Amino acid sequence: MASFRALAEQVRNPRLATVRRRTALRKCLERFAPYGHRATWHHLCTRAGFTTQDRDPDPARLMAALAELEEARALWLAYEQEFAARRRREKHEGIRQPSALDDWHRRTWGGCDIVPCASPQRHPAARLSEVLRRMIAAMEAGTPRHDCPVCGGTGFAWVPGQDGCPANGPACRDCGALAPASVLTPEALHTAAALAGGRAFAAA
């Protein structure tokens with residue numbers, strides 16, 4: 001099975017047919033997909049300017065999508081290294097009680113579903129790296145908030161686990177990102193639970 005780096009080199013290789021380069025980019029998401037595979041693919045295609053079904057996109061657009069994905073991956077790998085170093089220090093100091101940050105990091109290890117989304121077509125518009133920075137900052141702050149850590153929206157709806165949605169929880173009605181429950185106040189969680197996820201998003 002090819003690594004992320006090997007697949008990225010295939011995307012960059014001008015000697016390969018564009019359809020193969022597109023396939024390599026899609027396979028990169030099997031190694032790193034912050035929103036989940038389908039939502040990350042939709043995000044990259046939208047921002048780079050080609051459709052999800054386009055089998056022969058402009059190579060320059062493929063490169064733009066790869067650049068955004070690699071930028072986000074580099075940020076996440078650096079965060080994982082920092083997190084691992086911190087946990088080693090804490091264990092050395094006798095701090096072994098896992099926190100909400102530890103639980104979130106365990107579930108997102110490897111870089112998939114870091115910020116799961118309400119649907120494959122409903123995701124934040126900002127660059128992947130910026131979304132990851134905002135979510136990491138919110139989790140590390142450890143202070144429950146009433147607004148979305150990604151976009152600042154204040155409306156949430158609880159999304160039940162279902163096909164096409166890799167997780168369940170409070171989803172922002174503005175950007176579609178699911179926030180870890182630990183990052184929101186009890187009031188925000190109560191409001192989210194009071195809304196039926198599917199109907200709320202249909203009306204948003």
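## Close-up views of a predicted model

**View 1. Asp113 is found in the loop between H5 and H6.** The model shown here and in the following views is predicted. Phi of Asp113 is near 60 degrees, a positive value in a residue other than glycine. For comparison, most residues other than glycine have a negative phi. Asp113 counts as partly exposed because its relative accessible area is 27%, and the partly exposed class lies between the limits of 20% and 50%.

**View 2. Helix H5 and helix H6 cross in a left-handed manner.** Two packed helices are described by the angle between their axes and the distance between the axes. Here, the axes of H5 (residues 100-108) and H6 (residues 128-141) come within 9 Å and cross at roughly 145 degrees. On the H5 side, the contact is made by Ala100, Leu101 and Trp104. On the H6 side, Met135, Ile136, Met139 and Glu140 take part. By class, this contact of H5 with H6 has six nonpolar residues, one charged residue and no polar residues.

**View 3. Ser129 lies in helix H6 and is buried.** The relative accessibility of Ser129 is 2%, so the residue counts as buried, the limit for that class being under 20%. Apart from residues up to four places away in sequence, Ser129 touches Glu71, Ala72 and Leu75.

**View 4. Helix H3 comprises residues 37-48.** The helix has twelve residues, which should span 16 Å at 1.5 Å a residue. The end C-alpha atoms of H3 are 16 Å apart, in agreement with that expected span. The buried residues of H3 are Ala39, Thr40, Trp41, His43, Leu44, Cys45 and Ala48. In an α-helix there are 3.6 residues a turn, so residues three or four places apart point the same way. H3 is followed by Gly49, and the phi of Gly49 is positive, near 95 degrees.

**View 5. Thr18 is found in helix H2, which covers residues 18-28.** Thr18 has a relative accessible area of 15% and is therefore buried. When residues up to four places away in sequence are not counted, Thr18 touches Asp56, Pro57, Pro59 and Leu62.

**View 6. Ala2 is found in the segment before helix H1 (4-12).** At 30% relative accessibility, Ala2 counts as partly exposed. Leaving aside its neighbours within four places in sequence, Ala2 is in contact with Leu7 and Arg31. The C-alpha atoms of Ala2 and Cys28 are separated by 9.1 Å, although the two residues are 26 residues apart along the chain. Cys28 itself counts as buried, because its relative accessibility is 0%.

**View 7. Cys175 is in no disulfide.** The cysteine sulfur nearest to that of Cys175 belongs to Cys151 and is 3.8 Å away. A disulfide requires two cysteine sulfur atoms within 2.5 Å, so this pair does not qualify. By this rule, the count of disulfides comes to zero. Cys175 is buried, because its relative accessible area is 7%.

Notes:
Residues are numbered from 1 along each chain as its sequence is written. This is a predicted model: local features need pLDDT of at least 70, side-chain atom pairs count only at pLDDT 80 or more; totals for chains, interfaces and linings use all residues. Side-chain values use heavy atoms; hydrogens and water are left out. Axes are lines fitted to C-alpha atoms, for helices over the stretch in contact, and angles run from 0 to 180 degrees between N-to-C directions. Helices (H or I, at least four residues) and strands (E, at least two) are DSSP runs, numbered from the N terminus. A crossing is left-handed if the near helix is turned anticlockwise from the far one by less than a right angle, and right-handed if clockwise. Contact means heavy atoms within 4.5 Å. Ala, Val, Leu, Ile, Met, Phe, Trp, Tyr, Cys and Pro count as nonpolar, Asp, Glu, Lys and Arg as charged, and the others, Gly among them, as polar. The expected span of a helix is 1.5 Å times one less than its number of residues. Buried means under 20% relative accessible area, exposed over 50%, partly exposed in between (1.4 Å probe, protein chains only).
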